[in-house]
Amino acid sequence: MNRTAHAPPLRAISRGSLDSLISALGLEPEIDEGILGCDFCEEVVTRETLFAVFPEDETVKLVCNRPRCIKLFALHIQRARLR
Ligand SMILES: [Zn+2]
């Protein structure tokens, strides 16, 4: 049994699971009303621009799909892991 060829990609959350995560967290109304902002650039995040969701300080933070925010998010995750 060799599974090494199927190592999970860095971006482990697929479009579909991001949608179910949104509903599991009860964020659907806020997303659809356009009142949730990206934690890095503060632009409104929609289902189309949502890149990732991560928990911090007992809240849920969102990341949009701008290259700059994805980069900041990656750095942020790295730092959090080193803590
Ligand atoms: Zn952003």
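**Entry 1. Strand pairing**

I began at Phe-54 and found that this residue stands opposite Lys-61 in strand 2. I note at once that the model is a predicted one. I then looked up how strand 1 and strand 2 are joined: the two pair in the antiparallel sense, over six bridges. For the limits, I recorded 50-56 for strand 1 and 59-64 for strand 2.

**Entry 2. The hairpin loop**

I next examined the link between these strands. The hairpin has two residues between strand 1 and strand 2, and Asp-57 there takes a positive phi near 50°. I checked Glu-58 as well, which is also found in the loop between strand 1 and strand 2. The phi of Glu-58 is near 65°, again a positive value in a residue other than glycine. I set this against the general expectation that most residues other than glycine have a negative phi.

I then asked whether Asp-57 is buried or exposed. Asp-57 counts as exposed because the number of C-beta neighbours inside 10 Å is 6, and the exposed class requires 12 or fewer. For Glu-58 I found 5 other C-beta atoms within 10 Å, so this residue is exposed too.

**Entry 3. Overall layout**

I stepped back to the whole protein chain and recorded three helices and two strands. Read along the sequence, these elements follow the pattern α-α-β-β-α. I noted that 14% of the 83 residues count as buried. I also looked up the contacts between residues at least 6 apart in sequence: 32% of them join residues at least 24 apart.

**Entry 4. The nonpolar core**

Which residues make up the largest nonpolar core? I listed ten in all: Leu-36, Cys-38, Val-45, Leu-50, Ala-52, Leu-62, Val-63, Cys-64, Cys-69 and Phe-73. Strand 1, strand 2 and helix 3, the last spanning 67-82, each supply at least two residues of this core. I found that the largest share, three residues, comes from strand 2.

**Entry 5. Contacts of Leu-62**

I chose Leu-62, a member of this core, for a closer look. Which residues does Leu-62 touch, not counting those up to four places away in sequence? I recorded Leu-36, Cys-38, Asp-39, Val-45, Leu-50 and Val-53. Among them, Leu-36, Cys-38, Val-45 and Leu-50 are also listed in the core.

Definitions and conventions: Residues numbered from 1 in each chain as written. Predicted model: local features only at pLDDT ≥ 70, side-chain atom pairs only at ≥ 80, totals over all residues. Core = buried A, V, L, I, M, F, W, Y, C linked by C-beta atoms within 7 Å. Buried ≥ 20, exposed ≤ 12 C-beta atoms within 10 Å, placed from the backbone. Helix = DSSP H or I, 4+ residues; strand = E, 2+ residues; numbered from the N terminus. Contact = placed C-beta atoms within 7 Å. Pairing = 2+ DSSP bridges.
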